[in-house]
Amino acid sequence: MFILKSTSPRRIQILTDLGFQFRVEPANIDETQNQGEPPLVYLERMVHSKLGSQGNENNLYLAADTIVVFQNEILHKPMDLDDSIRILKTLSGNKHSVFSGASLRTNSVTDFFYEETIIEFKNWTEEEIREYILRCKPFDKAGSYGIQDENGPVFSREGSYTNVMGFPLRSFFSRSSVWLPFWGRS
């Protein structure tokens, strides 16, 4: 059995489009960043926390998380409209990194991996930012935006599109020997 430890609609859609049959069993964890915790340390800690330590050795478990990093600071999911405006104003006209990390566990072996994509934002006015937020409601997204949003803030991208959506697909594919036995199986 393939178990996805995430309720992200984008991760679920990517895996469904690939033909995976899986069960969704999210972990309810505290996602608070520790003071002074570097972004990639935080990312790995979140992924391992979501993965948990319990499970059936006959199952494949997948946990993932995505962070948006600007000037070595994580821009988490917005708390409200004002926070969303603040985040998007910060990113407007600038480049930032999106890191998606994931971990696969089968038997007692756990493999953590991640990818980085560089995103450059359009230079937006506050009016354009507000219109985008009201139209797309990006409150469940790291950095307060979705790369897939029509007329969104992304000007250019260097790296994987699916990574920005929340899944390091290229790195996942390179681990096919781990997940292939579970592909198409329920």
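The following legends describe an overall view and several close-up views of a predicted protein model.

**Figure 1. Overall fold of the predicted model.** The protein contains 7 helices and 7 strands. Their order along the sequence is β-α-β-α-β-β-α-β-β-α-β-α-α-α. The C-alpha trace extends over about 50 × 35 × 25 Å along the principal axes of the protein. The radius of gyration is 17 Å, which agrees with the value near 16 Å that a compact globule of 186 residues would have. Of the contacts between residues at least 6 apart in sequence, 66% connect residues at least 24 apart.

**Figure 2. Surface and charge of the protein.** The exposed area of the protein is about 9,500 Å², and 48% of this area comes from carbon and sulfur atoms. Of the 186 residues, 48% count as buried. The side chains include 20 positive and 24 negative ones. The centres of these two sets are separated by 4 Å.

**Figure 3. Close-up of D65, the position annotated in UniProt as "active site".** The annotation comes from an unreviewed UniProt entry, which lists D65 under this heading. D65 belongs to strand 3, which comprises residues 60-70. The relative accessible area of D65 is 7%, and the residue is therefore classed as buried, the limit being under 20%. Beyond the residues up to four places away in sequence, D65 touches R11, and it also touches Y42, L43, M46, V47 and K50. The remaining partners of D65 in this set are F99, S100 and G101. Of the elements that supply these partners, helix 2 spans residues 39-51, and strand 5 spans residues 95-106.

**Figure 4. Close-up of the loop between helix 2 and strand 3, with G52 and N59.** Both G52 and N59 are located in this loop. G52 has a relative accessibility of 34% and counts as partly exposed. N59, in contrast, is buried, with a relative accessible area of 10%. The C-alpha atoms of G52 and P26 are 10.0 Å apart in space, with their positions 26 residues apart in sequence. For N59 and N107, the C-alpha to C-alpha distance is 7.4 Å at a sequence separation of 48 residues. N107 is also one of the residues in contact with N59. Other contacts of N59, again leaving out residues up to four places away in sequence, are M1, I3, R105, T106 and F182.

**Figure 5. Close-up of L104 in strand 5.** L104 is located in strand 5, which covers residues 95-106. The relative accessibility of L104 is 2%, and L104 is therefore buried under the limit of 20%. Apart from neighbours within four places in sequence, L104 contacts L60, Y61 and L62, among others. Its contacts also include V109, T110, D111 and F113. Further contacts of L104 are F172, R175, V178 and W179. L60, Y61 and L62 fall within the range of strand 3, residues 60-70, and F172 falls within that of helix 6, residues 169-173. E120 is 16 residues from L104 along the chain, and the C-alpha atoms of these two residues are separated by 30 Å.

**Figure 6. Close-up of S171 in helix 6.** Helix 6 consists of residues 169-173 and contains S171. With a relative accessibility of 13%, S171 counts as buried. Once neighbours within four places in sequence are set aside, the residues in contact with S171 are F113, Y114 and E115. F113 also appears among the contacts of L104.

**Figure 7. Close-up views of Q71 and K137, two non-glycine residues with positive phi.** The phi angle of Q71 is near 50°, a positive value in a residue other than glycine. Q71 is placed in the loop that connects strand 3 and strand 4, the latter formed by residues 73-74. The relative accessible area of Q71 is 70%, and Q71 is exposed. Phi of K137 is likewise positive, near 50°, and K137 is also a residue other than glycine. K137 lies in the loop between helix 4, residues 126-136, and strand 7, residues 154-158. K137 is exposed, with a relative accessible area of 53%.

Methods
Residues numbered from 1 in each chain as written. Predicted model: local features only at pLDDT ≥ 70, side-chain atom pairs only at ≥ 80, totals over all residues. Heavy atoms only, no water. Helix = DSSP H or I, 4+ residues; strand = E, 2+ residues; numbered from the N terminus. Rg over C-alpha atoms; globule rule 2.2 N^0.38 Å. Buried < 20%, exposed > 50% of the residue type's maximum accessible area, 1.4 Å probe, protein only. Contact = heavy atoms within 4.5 Å. Areas by Shrake-Rupley, 256 points an atom, 1.4 Å probe, with all protein chains shown as cover. Lys, Arg positive; Asp, Glu negative; His and termini not counted. Charge placed at Lys NZ, Arg CZ, Asp CG, Glu CD. UniProt positions renumbered as here; feature names shortened; annotations may be inferred.
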